[in-house]
Amino acid sequence: IVVSGVGCMAFAVTMAFPLNIFPIRFAVETALFWKWPHLNTKASRLLLGTAAVAACLVVAILLPEINLIFELIGATTGSFVCFIGPGLLLLRLRPRGG
């Protein structure tokens, strides 16, 4: 039973990785190909996808403890929510004429 549980977990992680990498690829492709549309070829998209997966692999190898990544993301988003977000909200809600 334990072996089948490990196998199912490995299957779930393997199938979920493309769902996590797709937004990164989409954002970079949109920014890159909007400015330089002549670069939108199959080879450049393949290179971009390979670079994204390689970057994920390098980060996973260099930072094997996931709690460091969670701490970095939590500190960054916490600072944004506490300090930058309210100022942006004030600018957005303030009337333009006065």
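How do the residues of the lining of the largest pocket divide into nonpolar, polar and charged? In this predicted model, they divide into eleven nonpolar, one polar and no charged, where Ala, Val, Leu, Ile, Met, Phe, Trp, Tyr, Cys and Pro count as nonpolar, Asp, Glu, Lys and Arg as charged, and the others as polar.

Local features need pLDDT of at least 70 and side-chain atom pairs 80 or more, whereas totals for chains, interfaces and linings use all residues. Residues are numbered from 1 along each chain, and side-chain values use heavy atoms, without hydrogens and water.

The pocket holds about 270 Å³ of space, and its lining includes Phe17, Asn20, Ile21 and Cys56. Three helices (DSSP runs of H or I, at least four residues) each supply at least two residues of this lining:

| Helix | Residues |
|---|---|
| Helix 1 | 2–35 |
| Helix 2 | 42–62 |
| Helix 3 | 66–93 |

The axes of helix 1 and helix 2 come within 10 Å and cross at roughly 130 degrees, and the two helices are therefore oblique to each other, a class left over once angles under 35, over 145 and 65 to 115 degrees are assigned elsewhere. In their contact (heavy atoms within 4.5 Å), residues of helix 1 including Phe17, Ile21 and Arg25 meet residues of helix 2, among them Ser44, Arg45 and Cys56.

Methods
On a 1 Å grid over the protein atoms alone, a cavity is a set of points where a 1.4 Å probe fits but cannot get out, and a pocket is an open set with protein on both sides within 12 Å along at least five of seven lines; lining residues have an atom within 4 Å of a point. Grid points are joined across faces, edges and corners, and a volume is the space filled by probe spheres set on the points. Axes are lines fitted to C-alpha atoms, for helices over the stretch in contact, and angles run from 0 to 180 degrees between N-to-C directions.
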